[in-house]
Amino acid sequence: MPQVLLRKNEDKRIRGGHLWVFSNEIEKTVGNPCNGDLVEVLDYKEQLLGSGFYNGNSLIAVRLISKLKVENIYDLFSKRIVNAYALRKSFYPYRESFRLVFSESDFLPGLIIDKYNNSFVLQINSFGIQRNIDPIIEILKNSFSVENIFTKNDFYLRKLEGLPEEDSLYLGSAGTEIMDDGSIKYKIDFSQSQKTGFYFDQSDNRFFIEQFVKDKTVADVFSNCGGFGLHALKAGAKSVDFVDSSSREIQNVKENLLLNNLNIDSNCIVHDAFDFLEEAITLKKNYDVVMLDPPAFAKNKKSLPTAEKGYEKLNRLALKLVSDGGYLVSSSCSYHLQKEDFFNCLNRAALRSSKEIQLVKFSGASLDHPMLSAMHETSYLKFAVFRVFSV
Ligand code: SAH
């Protein structure tokens, strides 16, 4: 097997549990590895640190998959997928739909698998997984009774790996299906959907908001197919305004309201979120609960200052609409915006909207998105619930 030898002292992060070797940490490669090949990673004294997938195209030159030599890649993939499934089933015994594999966090770097009732939707973000996709598909077919397996690879990170943004169909078709998150049913149209079809990362947080929305007026801004607002209605919210700039997603909200018999008092609004909030302020509207779940404003470190202004403005506008004693539910899925930066945006937003905010809950992604404590790159979602008072 080809080998990658690290420079002196570049082994520490790896020994601590991090799974990436950066190209500038490499002293030399032996055996001419090709992109996607399995390589052994050695420290400068030639002690084995682990095995991983090599990619000369990427700044992340090796993504480790094991601390040992890999004798049989099929068996290793199989063990990882079985372990991942067992974790999800222990937390969600009655659910059939969840994130089955979350990349590095499940020791399968660059592989995301979202499991629905009848479909496995994959996102492949590393050269090594792309090269080894056949055994992974075989394992899925052998271990689960599955009708459809396909990729949704429209993810910008693939470019950094030198992979095209193209999709593959491995079994069945990418059609539509009805799934549930343990409470709410959703119709998913895989051919049209954003990401892999559903934002599983907010699943647990959608259940959390059920605790304080009864009899409340709610705005679900950046609603996508309606997850937060549907849970709010199920928990007895008085009304929900769903807002998303995608007419397709608002159409999905309407279908999901019917599917769940939740056509209570709701408005489905196709609108830019910032414009919606500004217009609502002009109209002197207010809500007991405003929920914000925007797309990532900071796609990289460089865009962070602009992104922070965006988060601050969004939260300032939302806070203005929250009635005294109400709640702001604010999320950010920008990895580059750290928790402290996020809170700073919220604090400035509170100051500028003359509100006092009290943090009552802070969490991250759902339990089907585990993290590696040695790798902060595996944690990205921030979810905060604030009680809001007028000054
Ligand atoms: N809250 C959702 C997930 C939101 S994903 C859930 O629980 O599933 C982000 C959503 O923001 C997407 O549906 C996207 O269509 C929408 N979006 C992106 N930019 C927007 C904008 N400027 N105004 C309103 N919606 C926007």
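1. Helices and strands here are DSSP runs, helices of at least four residues and strands of at least two, numbered from the N terminus. On that numbering, Asn57 sits in the loop that links strand 5 and strand 6. The model is a predicted one, and the points below should be read as remarks on that prediction.

2. What does Asn57 touch, once its neighbours within four places in sequence are left aside? The contacts are Asn35, Phe127, Leu160, Glu161 and Gly162. With Asn35 there is a polar contact between the two side chains, at 3.4 Å. Asn57 counts as partly exposed because its relative accessibility is 43%, and partly exposed covers the range between under 20% and over 50%. From Asn57 to Ser353 the C-alpha distance is 47 Å, across a sequence separation of 296 residues.

3. Helix 2 covers residues 73-91. Its end C-alpha atoms lie 28 Å apart, which agrees with the 27 Å that its 19 residues should span at 1.5 Å a residue. At the start of the helix, Asn72 places a side-chain oxygen within 3.0 Å of the backbone nitrogen of Tyr74.

4. Which residues of helix 2 are buried? They are Ile73, Leu76, Phe77, Ser78, Arg80, Ile81, Ala84, Arg88 and Lys89; Arg80, Arg88 and Lys89 are among them despite belonging to the residue types counted as charged. The cover over these buried positions includes strand 4 (38-42), strand 5 (48-54), strand 6 (60-66) and strand 7 (98-102), together with helix 3 (127-131) and helix 4 (133-143).

5. Helix 10 runs over residues 304-321, 18 in number. Its first and last C-alpha atoms are 26 Å apart, close to the 26 Å expected at 1.5 Å a residue. The buried set comprises Leu304, Ala307, Gly310, Tyr311, Glu312, Leu314, Asn315, Leu317, Ala318, Leu319 and Leu321. These residues pack against helix 9 (273-282) and helix 11 (339-352), and against strand 17 (287-292), strand 18 (322-332), strand 19 (355-363) and strand 20 (382-390).

6. The ligand has 15 residues around it, of which Asn224, Asp244, Asp272, Ala273 and Asp293 come nearest. By type, the shell divides into five nonpolar, six polar and four charged residues. An N or O atom in the Asn224 side chain is 2.8 Å from an oxygen atom of the ligand. Ala273 contributes a backbone N or O atom, 2.8 Å from a ligand nitrogen, and Asp293 has a polar side-chain atom 2.7 Å from a nitrogen atom of the ligand. Of the 580 Å² of accessible area that the ligand has on its own, the protein covers 88%.

7. Ser193 belongs to the loop between strand 13 (185-189) and helix 6 (203-209). Is this residue buried or exposed? Ser193 is buried, because its relative accessible area is 11% and the cut-off is under 20%. Its side chain reaches the backbone oxygen of Phe190 at 3.4 Å.

8. Two further positions can be noted for exposure. Lys8, in the loop between strand 1 (3-6) and helix 1 (12-15), counts as exposed at 52% relative accessibility. Its C-alpha is 43 Å from that of Asn347, with the two positions 339 residues apart in sequence numbering. Arg248 is placed in helix 8 (residues 247-259) and is partly exposed, with a relative accessible area of 43%. Arg248 and Ser168 are 23 Å apart, C-alpha to C-alpha, and 80 residues apart in sequence.

Definitions and conventions:
Residues numbered from 1 in each chain as written. Predicted model: local features only at pLDDT ≥ 70, side-chain atom pairs only at ≥ 80, totals over all residues. Heavy atoms only, no water. Near = heavy atom within 4 Å. Polar contact = N/O pair within 3.5 Å; in protein donor to acceptor, adjacent residues only side chain to side chain. Areas by Shrake-Rupley, 256 points an atom, 1.4 Å probe, with all protein chains shown as cover. Expected span 1.5 Å × (residues − 1). Buried < 20%, exposed > 50% of the residue type's maximum accessible area, 1.4 Å probe, protein only. Contact = heavy atoms within 4.5 Å.
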